[in-house]
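Colleague: I'm new to reading protein models, so please take me through this one slowly. Put it up on the screen and start with the vocabulary.

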Amino acid sequence: MNTFKNRLRSLWLAVILGFVCQGITAQAIYEDERYVPETDPLVLEKLEEWQDLKFGLLMHWGTYSQWGIVESWSLCPEEYGWCERTKGSNPSDYNTYKKEYEGLQKTFNPVKFDPDKWAKAAKNAGMKYVVFTTKHHDGFSMFDSKYTDYKITDPKTPFSTNPKANITKEVFNSFREQGLWAGAYFSKPDWNTPTYWDPYYPPRDRNVNYEPEANPEKWQAYIDFTHNQILELLTDYGKVDILWLDGGWVAKTPKSEITNWYEQQLVNNDNGYLKNRIVNQDIKMDELVVKAREKQPGLIVVDRAVHGKNQNYLTPENRVPEKPLPYPWESCIIAGGGWSYSFNAQYMSGREAIHTLVDIVAKGGNLLLNVAPSPEGEWDEGAYQLLNEIGDWMSVNKEAIYGTRSLAPFKFGNVCVTAKPDGAVYLTYLVEKGQTSLPTEIVFPDFKPKRSVKAQLLGGKQKLKWIQKDEGMALQLPRDLWGKLLGTEAFVIKIK
């Protein structure tokens, strides 16, 4: 048993050393997802805790839910599918569309909003933290900001008279009461604010529509506006564990990167036409993070898609990496429909969600599953059903998820591997839909524990027999267990 534990400790040390060296490793192997390690000891401690949580909830919600459209993006005059305009009286007329979109503030009245119900469902599913859209790119604030009247609590918004009008505060309070961490999604670009999209000029793309360097006072006003709103969230809304910033194009961009980007675009576009630009938009993130952590010591900051020290963990969007990554990371995944509310959305099955969670955790990451509330302030029944199915599975097998890290070979065949520092190893077998048989033997490759090690199915007391082979540890699955195991989405074998 000591040899077995020593092997685990050695592997654990290798993971830690990997984080120390990841400035080199990440650049060499993951050039598109570089990582700069954090140095603040409080943040490092918090990141370790966050990596143990494994499973969180993301919610995109705003006035756009009334139209069932992709959040905010139809306001952006770029020629991409996600910017398509299909609603309103005349979607082919941009100015009319923008006016009607912003007019959705006057009809947004989610009177069925019940964050306690959401928080209980999330807890039951095994979720440990929530990330809520306090403001998306359209600029509509789902909190009581004193720096804008384009917000949920403004008198023009019908819901402003509701006792739960300050939606962000209600969400954070409800989820904290259930023991979940609170995370604030916040959009750095704001397409409603005149110091970002100056009304003197038409919007050109997702970027600021004037030159920041040529208009320093106007740009400074936008920096102040953004910092003030974020500091509001970190001052008046209780403990905030994660600041999850979106809109990675709003960042300080060196001239060399801008030049390289345009040269590459011209190579890929023979006619010279660009759908969007890259613009230097220094929002003074370093200064903001210092101020933010004065309010919330140890705050995890995720400046998404911006290479640098203010991206404490990386966030692959709606995809799962092929292998473990040498830094903290989280896949944000749509549960059903789109990021924002979709009418008649089809949700992933419980099996698909569980397999996704297990696969991500085996690669050392966290899963942030997105559920979008309706215009009335409800979740679809399909969302509750999905979370219930995940919760039923987690109630038996959570030991193989929380507090674990990736362990080589992380996956073989249908089996995902996780481990804990105490020496426990977990093999999670992913049962496919319609599968009618199981292997009589599962061989854990290159694994050689001491003879005293025991193997057991989580959720039961039955021990599994095993033998050592040249190719690894061979665990036997008696046929009399097949019926029970095939009736699950996945089953876990604990080795210790």
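Modeller: Buried means under 20% relative accessible area, exposed means over 50%, and partly exposed is in between (1.4 Å probe, protein chains only). Helices (H or I, at least four residues) and strands (E, at least two) are DSSP runs, numbered from the N terminus. This is a predicted model, where local features need pLDDT of at least 70 and side-chain atom pairs count only at pLDDT 80 or more, while totals for chains, interfaces and linings use all residues. Residues are numbered from 1 along each chain as its sequence is written, and side-chain values use heavy atoms, leaving out hydrogens and water.

Colleague: OK, let's try that on a helix. Which residues of H11 are buried?

Modeller: H11 covers residues 381-397. Go along it looking for residues under the 20% cut-off. You'll pick out Ala383, Tyr384, Leu386, Leu387, Ile390, Gly391, Trp393, Met394 and Asn397.

Colleague: How far apart are the end C-alpha atoms of H11?

Modeller: Start with what to expect: the expected span of a helix is 1.5 Å times one less than its number of residues. For the 17 residues of H11 that gives 24 Å. The model agrees, because the end C-alpha atoms of H11 are apart by 24 Å.

Colleague: And what do the buried residues of H11 pack against?

Modeller: Here we look for contact, meaning heavy atoms within 4.5 Å. Two helices turn up, H5 (115-125) and H10 (350-362). The strands are S1 (55-59), S7 (366-370), S10 and S16 (490-495).

Colleague: S1 is on that list. Is S1 largely enclosed or open, and how many of its residues are buried?

Modeller: Look at both faces: Phe55, Leu57 and Met59 are buried on one side, and Gly56 and Leu58 are buried on the other. S1 is largely enclosed by the rest of the structure, because the number of its residues that are buried is five of the five.

Colleague: Which strands does S1 pair with?

Modeller: Two strands pair if DSSP finds at least two bridges between them. Four bridges join S1 to S7 in parallel, with Leu57 standing opposite Leu369. Another four parallel bridges, with Leu58 opposite Val131, lead from S1 to S2.

Colleague: Which residues have the most contacts inside the largest nonpolar core?

Modeller: A nonpolar core is a set of buried Ala, Val, Leu, Ile, Met, Phe, Trp, Tyr and Cys residues joined through side-chain atoms within 4.5 Å. In soluble globular proteins, nonpolar side chains tend to be buried together. The largest core here has 121 residues, and those with the most contacts are Phe175, Leu369 and Trp379.

Colleague: Which domains does this core draw on?

Modeller: Domain bounds come from an automatic or database domain assignment. The core takes at least three residues from each of domain 1 (36-400) and domain 2 (405-495).

Colleague: How far apart are the C-alpha centres of domain 1 and domain 2?

Modeller: The two do touch: 22 residues of domain 1 are in contact with 21 residues of domain 2. Their C-alpha centres lie apart by 38 Å.

Colleague: Back to helices. Why do the buried residues of H9 sit on the same side?

Modeller: H9 runs over residues 285-295, and Met285, Leu288, Val289, Ala292 and Arg293 are buried. To get their arc, take the directions from the helix axis to the C-beta atoms. They sit on the same side of H9 because that arc is only 125°.

Colleague: Which residues are exposed on the other side of H9?

Modeller: The buried residues pack against H3 (41-53), H7 (216-236), S4 (242-246) and S5 (300-303). On the other side, the exposed ones are Val290 and Glu294.

Colleague: Anything odd in the backbone? What is phi of Lys284?

Modeller: Most residues other than glycine have a negative phi, and most peptide bonds are trans. Lys284 sits in the loop between H8 (255-268) and H9, and is partly exposed at 28% relative accessible area. Although Lys284 is not a glycine, its phi is positive, at about 60°.

Colleague: Last one: where is the cis peptide bond?

Modeller: Look in S8 (residues 405-412), where Pro409 is found. With omega near 10°, the cis bond runs from Ala408 to Pro409.
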